[in-house]
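Open the model in your viewer and keep the selection tool at hand. The stops below say what to pick next and what is there.

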Amino acid sequence: QVQLTESGGALVPAGGSLKLSCAHSGRNYSPFLMAWFRQAPGKEREFVAAIGWDSAATDYTDSVKGRFTVSRDNAKNTLSLQMNSLYPVDTAVYYCAGQDSFYSQDRARDPRSYPYWGQGTQVTVST
């Protein structure tokens with residue numbers, strides 16, 4: 001059974017930076033397609049970023065382009081999200097997700113396509 005565990009959430013001031021990590025366990029290879037989603041209070045879960053198996057394909061929602069960077073280390077079974085220039089609107093619970101399909105943009109952005117989810121980590125950006 002694949003298990004995903006996020007870490008790194010914290011309270012940071014506006015303009016600050018934070019790096020989230022997601023550790024995978026349960027088998028000896030990482031999900032092929034991995035992503036970050038987030039959910040703010042009272043809002044639906046939204047796509048943030050995704051990365052394919054070989055890191056050649058990445059995708060970001062428009063609001064984080066140029067500020068966030070997704071990366072993965074398959075040897076260490078980890079997924080990361082470097083977040084810079086954070087705004088209060090970035091405040092949310094951030095979730096790591098994985099699936100055993102190869103990258104396509106439609107699939108990467110659809111939360112319903114992911115069978116594996118972490119429990120989430122809280123990111124709060126103060127004004």
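Start by selecting Arg-38 and Asp-90. Both are buried, where buried means under 20% relative accessible area, exposed over 50%, and partly exposed in between (1.4 Å probe, protein chains only). This is a predicted model, in which local features need pLDDT of at least 70 and side-chain atom pairs count only at pLDDT 80 or more, while totals for chains, interfaces and linings use all residues. Residues are numbered from 1 along each chain as its sequence is written, and side-chain values use heavy atoms, with hydrogens and water left out.

**Salt bridges**

Stay on the two residues. Arg-38 forms a salt bridge with Asp-90, and their closest N and O atoms are 2.9 Å apart. Here a salt bridge is a side-chain nitrogen of Lys or Arg within 4 Å of a carboxyl oxygen of Asp or Glu. The pair links distant parts of the chain: Arg-38 lies in strand S4, Asp-90 in the loop between S8 and S9, 52 residues apart. Strands (E, at least two residues) and helices (H or I, at least four) are DSSP runs, numbered from the N terminus.

Next, select Asp-100 and Arg-27. They form a salt bridge too, with the closest N and O atoms 2.5 Å apart. This pair also links distant parts of the chain, 73 residues apart. Asp-100 is in the loop between S9 and helix H1 (105-109), and Arg-27 is in the loop between S3 and strand S4 (33-39). Asp-100 is partly exposed, at 31% relative accessibility.

Now pick Arg-112 and Asp-110. Their side chains meet in a salt bridge of 3.0 Å, N to O. Arg-112 is exposed, at 76% relative accessibility. Asp-110 is partly exposed, at 23%. Then add Glu-46 and Arg-67 to the opening pair: salt bridges that share partners join Arg-38, Glu-46, Arg-67 and Asp-90 into one network. The structure holds 7 salt bridges.

**The disulfide**

Which residues form a disulfide? Select Cys-22 and Cys-96: their sulfur atoms are 2.1 Å apart, and the cut-off for a disulfide is a pair of cysteine sulfur atoms within 2.5 Å. The pair links distant parts of the chain, with Cys-22 in strand S3 (residues 18-25) and Cys-96 in strand S9 (residues 92-99), 74 residues apart. A search of the whole structure finds 1 disulfide. The torsion about the S-S bond of Cys-22 and Cys-96 is about -70°, so the disulfide is left-handed. Both cysteines, Cys-22 and Cys-96, are buried.

**Along S3 and its sheet**

Show the side chains of S3. Leu-18, Leu-20, Cys-22 and His-24 point to one face and are buried. Lys-19, Ser-21, Ala-23 and Ser-25 point to the other and are not buried.

Switch to the backbone. Two strands pair if DSSP finds at least two bridges between them. Strand S1 (residues 3-7) and S3 run antiparallel, joined by 5 bridges; look for Ser-7 opposite Ser-21. S3 and strand S8 (residues 78-83) also run antiparallel, joined by 6 bridges. Here Ala-23 stands opposite Thr-78, and Leu-20 stands opposite Leu-81.

Zoom out to the sheet. It is open, with 4 strands in the order S1-S3-S8-S7 and antiparallel pairing. S1 and strand S7 (68-73) stand at the edges with a single partner strand each, so one side of each has no neighbour in the sheet.

**Aromatic rings**

A search of the whole structure finds 8 aromatic pairs. Rings of Phe, Tyr and Trp (its six-membered ring) pair if their centres lie within 6.5 Å; planes under 30 degrees apart count as stacked, over 60 as edge-to-face and the rest as tilted. Select Phe-32 and Trp-53: the ring centres are 5.6 Å apart and the planes at 80°, so the pair is edge-to-face. Phe-32 is partly exposed at 23% relative accessibility, and Trp-53 is partly exposed at 32%.

Move to Phe-37 and Phe-47. This pair is edge-to-face, 5.8 Å centre to centre, with 75° between the planes. Phe-37 lies in strand S4 and Phe-47 in strand S5, 10 residues apart. Phe-37 is buried at 0% relative accessibility, and Phe-47 is buried at 7%. Add Tyr-95, Tyr-114 and Trp-117: ring pairs link these with Phe-37 and Phe-47 into a cluster.

Last stop: Arg-45. Its charged end sits over the ring of Tyr-95, 3.8 Å from the centre, and over the ring of Trp-117, 4.7 Å from the centre. A charge sits over a ring if NZ of Lys or CZ of Arg is within 6 Å of the ring centre and within 35 degrees of the ring normal.
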